[in-house]
Amino acid sequence: MKKRLIWMVLAGLLVLGLTRPAAAAYSDVPADHWAAEAVARATELGLFQGEGGGKFGLGRPITRAAFATALTRLFGWEEVRPDRPSYTDVARESWYYGAVEAVQANGAVDASNHEFRPEDNLTRDEMASMLVRGLGYTSLAGSAASYGTPFSDVTANPGFITLAYDLGIMDGKGKGRFDPEGDATREQAAAVLVRVYDRLQEPSVQLESAGEYRLVTISTPMARGGEKMPVTPLEPLPELYAALRRMKNNGEDMARMALQLMAGGVRTITDAGGNPVAASTLISAKEVQEVLGRKDVKTFYSEGYQSAYCVYAPNAYQSATVWYQSEESMAAKLQLARLFGVTRYVLE
């Protein structure tokens, strides 16, 4: 997940929340239908429009182009209109051109494909994949794949479907089936998009102390002198996902959990061969800022771990690596926690 994505999500949600049009009542959506509320809210949020004639298109499949448009609106992505289309079957004059280019630019679809198939019906597999990619969790889907899938009919893209299921974004269709190749209907798309909207809009609240909340704690690897230099990211996202997933599957009340995040960082000094000369040490947020103020410091960001780090030379013979808590890394971890229903955190 890129920093611009996280903040564009938040900005997009704010804009959508302030510019809701009046809800539309559709003649083909009964008030007691399971998706009636989701359809109404998706319309209020400006994610969907009806198909004309006062109808929503209940039960009808949603096309890949229509879902790309809704996804672009959900995340507040700016439509992209390059002179040369990214896909051979998406013309510049098509109504969905800017949205299709936006989902491609923001990593919500596989950029290696030459065709987008805009008028094809969106499958449930594709809906899960586009949502997970749009959230910035393409790498995390690799971790999810290692857990297997709860559905007997899923063979392709298991990580994306498992992650969408674990996050509570999508459910199965009963009897252990997900129906990955089945068409996603317009009301199903409305329901999952509103679900994502609500989870992302929920504010993360910082606590002075955990109090009655149970802490979700992710340990940071620490180097020991004389050993090979380990990777020492703070609360790496794959481990955070594993912990949240485990708690949810154990039936824990996620609303009573609080995520514990490190405010400062971990510093490791290495010799010319890359071996730690001493054990890693914890440093405060103030010390991190002092390091970042050095003229010789080089900063980096790990997308896989969602953690920032920097490298500098404390002297002519050694190198120092500091993994630290940046605004970007904290936003990524809080977002994942919110998707699991954890909205409290402690920064220590």
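Helices and strands here are DSSP runs, a helix having at least four residues and a strand at least two, and they are numbered from the N terminus. With that in hand, keep in mind that the model is a predicted one, and let's start in a loop. Asp179 sits between H7 and helix H8, the latter covering residues 186–201. Its backbone is the thing to look at: Asp179 isn't a glycine, yet its phi is positive, at about 60°. Most residues other than glycine have a negative phi. As for the surface, Asp179 has a relative accessible area of 18%, and the cut-off for buried is under 20%, so Asp179 counts as buried.

Asp179 has a counterpart further along the chain. Gln306 lies in the loop that links strand S6 (298–302) to strand S7 (307–315). Here too phi is positive, near 55°, in a residue other than glycine. Gln306 is buried as well, with a relative accessible area of 1%.

Now go back to the two helices on either side of the Asp179 loop, beginning with H8 and its partner H3. Helix H3 runs over residues 64–75, which makes 12 residues. From first C-alpha to last it reaches 16 Å, close to the 16 Å expected at 1.5 Å a residue. Most of H3 is covered, with 11 of its 12 residues buried. Among the buried ones are Arg64, Thr69 and Thr72, along with Phe67, Leu71 and Phe75. Right after the helix, Gly76 takes a positive phi of about 70°.

How do H3 and H8 lie relative to each other? Their axes are 11 Å apart and meet at an angle of about 15°. Angles under 35 degrees count as roughly parallel, so that is what H3 and H8 are. H3 passes H8 in a right-handed crossing. On the H3 side, the contact uses Phe67, Ala70, Leu71, Leu74 and Phe75, while H8 brings Ala189, Leu193, Val196, Tyr197 and Leu200. Sorted by class, this contact has 10 nonpolar residues, no polar ones and no charged ones. The spacing of the names is worth a glance too. An α-helix has 3.6 residues a turn, so residues three or four places apart point the same way.

The other helix beside that loop is H7, residues 158–166, and it packs on helix H9, residues 237–249. The axes of H7 and H9 are 11 Å apart, with an angle of about 55° between them. This makes the pair oblique, because the angle falls outside the roughly parallel, antiparallel and perpendicular ranges. H7 passes H9 in a left-handed crossing. Thr162, Leu163, Tyr165 and Asp166 of H7 meet Tyr241, Arg245 and Lys248 of H9. The class count for this contact is three nonpolar, one polar and three charged residues.

Which residues does Arg245 touch, leaving aside those up to four places away in sequence? The list is Tyr147, Thr162, Asp166 and Phe340. Arg245 belongs to H9, and its relative accessibility of 16% makes it buried.

To finish, turn to Glu327 in helix H11, which spans residues 327–339. Glu327 is exposed, with a relative accessible area of 55%. Its C-alpha atom is separated by 9.2 Å from that of Ala308, and the two residues are 19 residues apart along the chain.

Methods: Residues are numbered from 1 along each chain as its sequence is written. This is a predicted model: local features need pLDDT of at least 70, side-chain atom pairs count only at pLDDT 80 or more; totals for chains, interfaces and linings use all residues. Side-chain values use heavy atoms; hydrogens and water are left out. The expected span of a helix is 1.5 Å times one less than its number of residues. Buried means under 20% relative accessible area, exposed over 50%, partly exposed in between (1.4 Å probe, protein chains only). Axes are lines fitted to C-alpha atoms, for helices over the stretch in contact, and angles run from 0 to 180 degrees between N-to-C directions. Angles under 35 degrees count as roughly parallel, over 145 as roughly antiparallel, 65 to 115 as roughly perpendicular and the rest as oblique. A crossing is left-handed if the near helix is turned anticlockwise from the far one by less than a right angle, and right-handed if clockwise. Contact means heavy atoms within 4.5 Å. Ala, Val, Leu, Ile, Met, Phe, Trp, Tyr, Cys and Pro count as nonpolar, Asp, Glu, Lys and Arg as charged, and the others, Gly among them, as polar.
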